[in-house]
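Subject: Structure handover

Hi,

Here is the structure I promised. Please open it alongside this note. My findings follow below.

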Amino acid sequence: MNDVIIVIGASGGIGRELVKQLSEKHTDTPVYALSRKSQSADVASNVICVNMRTDDEKAIDDFCRRLDENNEKVRTAISTVGILHGEVDGHNIEPEKRLEDIYNDQLLRYFHVNSVVPTLWLKHLVDRMSDNTSQIVCFSARVGSISDNQLGGWYGYRASKAALNMLLKTAAVEYGRRAKSTTLLSYHPGTVDTRLSEPFQRNVKPEKLFSPAFTVSQLLSVLPDLSAEQSPYFLDWDHKVVTW
Ligand SMILES: NC(=O)c1ccc[n+]([C@@H]2O[C@H](COP(=O)([O-])OP(=O)(O)OC[C@H]3O[C@@H](n4cnc5c(N)ncnc54)[C@H](OP(=O)(O)O)[C@@H]3O)[C@@H](O)[C@H]2O)c1
């Protein structure tokens, strides 16, 4: 069996940087860069770009079956999948400021992308994780912390990240039985200078607006310190615990 690394959502601001740093750090390990968009050919030789519907269960299943056929097991899988605003499937998504801004379709889209899609990956990866130390990281957000919610607003984004955290925490119980060497991590990257945060950067102090390179290197540096016995974790970019 050969170990591989997977980045799910490889074309976004953080996803691209993950592929870059992971492929540089693990030059002997294949890094699958999965994206709905076609990606640039300008990648390291151990990167395998796969253009696929990362949000479609049949496509997820097909990809995982190919891992089996290749005798590949997953050492690290990282999902960056998430939406906050912008056009999604022809609909304009805007974070809600007040109750009157809540709409059925928009809420469902937040939940589908932010909670359901990463969880489908948790479902299909459970029997494909390496017997060596391994991790699955889902990009969450501090606003998904129920105990930390003082500000309100952003109903759909907050609730869908809180749901993601609960789904990951629930899956961790089963992973503890079925994939004993795997750690699950919900990660808050801080405010990172990407398309996702761009409309909301005005009130962020310059020193608190992180580059993708910074938050990714902070994430990769904490992975070796995590233990499957203590899984799941909810950590921020500074390696501090975020309360659920
Ligand atoms: N930037 C921040 O300040 C910040 C703060 C807190 C948390 N986060 C979280 O960090 C993660 C990465 O965000 P980013 O800043 O890199 O944003 P981004 O540049 O907008 O990237 C978003 C990623 O989500 C994937 N995605 C979007 N819609 C999808 C869908 N319908 N189905 C499947 N995948 C979809 C995209 O994958 P494709 O490659 O397939 O397009 C893309 O890689 C998100 O989960 C976000 O919530 C970001």
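A cut-off to start with: buried means under 20% relative accessible area, exposed means over 50%, and partly exposed is in between. Please also keep in mind that this is a predicted model.

**Salt bridges**

The structure holds twelve salt bridges. Side chains of opposite charge can pair when their charged atoms come close. Three of the pairs are set out here.

Start with Arg-53 and Asp-55. Their closest N and O atoms are 2.7 Å apart. How exposed is Arg-53? Its relative accessible area is 47%, so Arg-53 is partly exposed. Asp-55 has a value of 18%, so Asp-55 counts as buried.

Next, Arg-128 and Asp-68. Their side chains meet in a salt bridge, with 2.7 Å from N to O. Arg-128 sits in the loop between helix H3 (104–125) and strand S7 (134–139), while Asp-68 belongs to helix H2 (residues 57–69). The pair therefore ties together parts that are 60 residues apart in sequence. Arg-128 is buried, at 13% relative accessibility. Asp-68 is partly exposed, with a relative accessible area of 38%.

The third pair is Arg-178 and Asp-127. Here the N to O distance is 2.8 Å. Arg-178 is in helix H4, and Asp-127 is in the loop between H3 and S7. This salt bridge links parts 51 residues apart in sequence, because its two residues lie in those separate places. Both ends are partly exposed: Arg-178 has a relative accessible area of 42%, and Asp-127 has 47%. Which residues make up the network around this pair? Asp-127, Glu-174 and Arg-178 are joined into one network by salt bridges that share partners.

**The ligand site**

Now the ligand. It is surrounded by 29 residues, and the closest are Ser-11, Ser-35, Tyr-157, Val-192 and Thr-194. By class, this shell has eleven nonpolar, 13 polar and five charged residues.

Three polar contacts are worth a look on screen. The side chain of Ser-35 has an N or O atom 2.7 Å from a ligand oxygen. Arg-36 places a polar side-chain atom 2.8 Å from an oxygen atom of the ligand. Val-192 uses its backbone instead: a polar backbone atom there is 2.8 Å from a ligand oxygen.

How much of the ligand does the protein cover? On its own, the ligand has 880 Å² of accessible area, and the protein covers 94% of that. Which elements give two or more residues to the shell? They are helix H1 (13–25), helix H4 (155–178) and strand S9 (191–192). Helix H4 thus appears in two parts of this note: it contributes to the ligand shell, and it holds Arg-178 of the third salt bridge.

**Val-74**

One last residue. Val-74 is in strand S4 (residues 72–79). Is Val-74 buried or exposed? With a relative accessible area of 0%, Val-74 is buried.

What does Val-74 touch, leaving aside its neighbours within four places in sequence? Its contacts are Val-4, Ile-6, Leu-67, Leu-125, Arg-128, Met-129, Ser-130 and Ser-134. Arg-128 in that list also takes part in the salt bridge with Asp-68. Ile-136 is 62 residues from Val-74 along the chain, and their C-alpha atoms are separated by 9.1 Å.

Best wishes

Key
Residues are numbered from 1 along each chain as its sequence is written. This is a predicted model: local features need pLDDT of at least 70, side-chain atom pairs count only at pLDDT 80 or more; totals for chains, interfaces and linings use all residues. Side-chain values use heavy atoms; hydrogens and water are left out. A residue is near a molecule or strand if one of its heavy atoms lies within 4 Å of it. A polar contact is a pair of N or O atoms within 3.5 Å; within protein, one must be able to donate a hydrogen and the other to accept it, and residues adjacent in sequence count only if both atoms are side-chain atoms. Accessible areas come from the Shrake-Rupley method with a 1.4 Å probe; for residues, only the protein chains shown count as cover. Helices (H or I, at least four residues) and strands (E, at least two) are DSSP runs, numbered from the N terminus. Ala, Val, Leu, Ile, Met, Phe, Trp, Tyr, Cys and Pro count as nonpolar, Asp, Glu, Lys and Arg as charged, and the others, Gly among them, as polar. A salt bridge is a side-chain nitrogen of Lys or Arg within 4 Å of a carboxyl oxygen of Asp or Glu. Buried means under 20% relative accessible area, exposed over 50%, partly exposed in between (1.4 Å probe, protein chains only). Contact means heavy atoms within 4.5 Å.
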